Amino acid sequence: MMPDYDVSAPLDTDYYGVFADVPEADRAFWSRARTFAVETLDELSEAWDKAEYPLHLARRLGELNLLTDGVEGPGLTPMSPLAAGLVNMEISRGDGSMGTVVAVQGGLALRSIAMFGSDEQKATWLVPLARAEKLGAFALTEPDHGSDSVGLETTAHRDGDEWVINGEKKWIGNGSVGDVTVVWAREDDGNVRGFLVDQALPGYRGETMLGKGSLRAVHQARITLTDVRIPLDAVLPGTHTFKDTAVVLFATRLGVAWSALGHATAVFEAALNYAQQRVQFGKPIAGFQIVQERLTLMLSELTSMQLHCIRLAELDAAGTLRPIQASLAKFHNTRAARSLASLARDMLGGNGILLENHVIRHLADIESIHTYEGTESIQSLLIGRDLTGVSAFH
């Protein structure tokens, strides 16, 4: 059955012409991401409804060279910070689960190996991960350590010519369906390092988490590591302390701000499309004052989000981006996206809860990106410390 309204058509909303001067090389990445988002929209909506992870679409992202998140390394196609942001935005405008695939596969797993891996590790993993011939996971969060992930309890004990890994991880994308997991664990001396763990090894158990009301078309796992033995050269040699983990997280935080912009664009354009098609009291609801006021409010927020992203992409390209600036963009954009999704859901009335109109899916998925890569509270404390010079962390 055809839906009563077609609210998914991209409108390329750009009131300030923020993206008018995107270079052709960056626009090519953006165009491929747009094509993917449009062509897979219905399939991903159905997968979201069924809580199924369409792995073939994750692999398609690799075939389209859309998974690197701007990470540099041997064999990887250069992608500017702006191109990486536009890809994050566009994929998330279509579906947040696939946006999370980009964040996990490229932003976290690929980046960890590219930044801290040995030449041999890079040669083994970078290209297969970028092409999604292999799927990677990034295992930091634990059942009892989320915002305070610095307190992680997973251990790596050296036993002769092997490491022995024990512990638990939670909320790990690709952790039950992938090939390699970057496990962050604490050595006997207390330092935190990254280890490449083959998911097929004895003692590795990745259990797909069920019952999610958000990002339902991608699987997160609860991982149990019981005396998992890996060779000595499975450690990422560039990792020495938890600060190395933080470097990876900071690098992906701006990507979350772009992802939020994608979700916000989707719900705003759905609301605008709907307002022009929905007739009540004898005319399109776009002709009512309160609807126009709401659309204006949404546009102002959306434009602000665009400005945050484009400016920080410029700073990133110049090599002057500070991690705390990415925190502010994440803080602002996920908050704004939540607000826009709520307004859009209300403007669509009862039609706003139908998956065929996509808004309710985005509203639910925004709840996840608002939390991961640092909650609103944690971002506030980071920014507050930078502003005042006083730490509120204990």
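Colleague: Where is G94 found?

Modeller: G94 sits in helix 3. Helices here are DSSP runs of H or I with at least four residues, strands are runs of E with at least two, and both are numbered from the N terminus. The model is predicted, so local features need pLDDT of at least 70 and side-chain atom pairs count only at pLDDT 80 or more, while totals for chains, interfaces and linings use all residues. Residues are numbered from 1 along each chain as its sequence is written, and side-chain values use heavy atoms, with hydrogens and water left out.

Colleague: Is G94 buried or exposed?

Modeller: Use relative accessible area: buried is under 20%, exposed is over 50%, and partly exposed is in between (1.4 Å probe, protein chains only). G94 counts as buried because its relative accessibility is 7%.

Colleague: How many residues apart in sequence are G94 and E39?

Modeller: They are 55 residues apart in sequence. In space, their C-alpha atoms are 9.3 Å apart.

Colleague: Now backbone angles. Which phi value does A132 have?

Modeller: A132 has a positive phi of about 60°, although it is not a glycine. Its place is the loop between helix 5 (119-130) and strand 1 (136-139). A132 is buried, because its relative accessible area is 2%.

Colleague: And what is phi of D227?

Modeller: Phi of D227 is near 50°, again a positive value in a residue other than glycine. D227 lies in strand 7 (residues 220-231). With 48% relative accessibility, D227 counts as partly exposed.

Colleague: Strand 7 brings me to salt bridges. How many does a search of the whole structure find?

Modeller: The criterion is a side-chain nitrogen of Lys or Arg within 4 Å of a carboxyl oxygen of Asp or Glu. The search finds 19 salt bridges. In one of them, the side chains of R222 and E168 meet at 3.2 Å, N to O. R222 is in strand 7 and E168 in strand 3 (residues 162-173), so this pair links distant parts of the chain, 54 residues apart. R222 is partly exposed at 33% relative accessibility, and E168 is partly exposed at 35%.

Colleague: Which residue pairs with E207?

Modeller: R205 does, with a distance of 3.8 Å, N to O. R205 is exposed, with a relative accessible area of 52%. E207 is partly exposed at 42%.

Colleague: How far apart are the closest N and O atoms of E376 and R335?

Modeller: They are 2.2 Å apart, and the two residues form a salt bridge. E376 lies in helix 10 (residues 376-388) and R335 in helix 8, so the pair ties together parts that are 41 residues apart in sequence. E376 is partly exposed at 24%, and R335 is partly exposed at 40%.

Colleague: Which residues are linked in a network of salt bridges?

Modeller: D12, R34, E90 and R93.

Colleague: Next, empty space. How many cavities of 30 Å³ or more are there?

Modeller: Rolling a probe the size of a water molecule over the atoms shows where empty space is left. On a 1 Å grid over the protein atoms alone, a cavity is a set of points where a 1.4 Å probe fits but cannot get out; a pocket is an open set with protein on both sides within 12 Å along at least five of seven lines; lining residues have an atom within 4 Å of a point. Points are joined across faces, edges and corners, and a volume is the space filled by probe spheres set on them. The count comes to one cavity of 30 Å³ or more. The largest cavity holds about 40 Å³. Its lining is D69, N88, A103, G107, T252, G255 and V256. Helix 4 and helix 6 each give two or more residues to that lining, and helix 6 has the largest share, three residues.

Colleague: What is the volume of the second largest pocket?

Modeller: About 620 Å³. Of its 28 lining residues, D69, G70, R111, A251 and D316 are the closest to the centre. Helix 3 (81-94), helix 4 (96-116), helix 6 (242-277) and helix 8 (323-347) each supply at least two lining residues. Helix 6 gives the most, seven residues.

Colleague: How do the residues of that pocket lining divide?

Modeller: Ala, Val, Leu, Ile, Met, Phe, Trp, Tyr, Cys and Pro count as nonpolar, Asp, Glu, Lys and Arg as charged, and the others, Gly among them, as polar. The lining of the second largest pocket has 15 nonpolar, eight polar and five charged residues. The lining of the largest cavity has two nonpolar, four polar and one charged.
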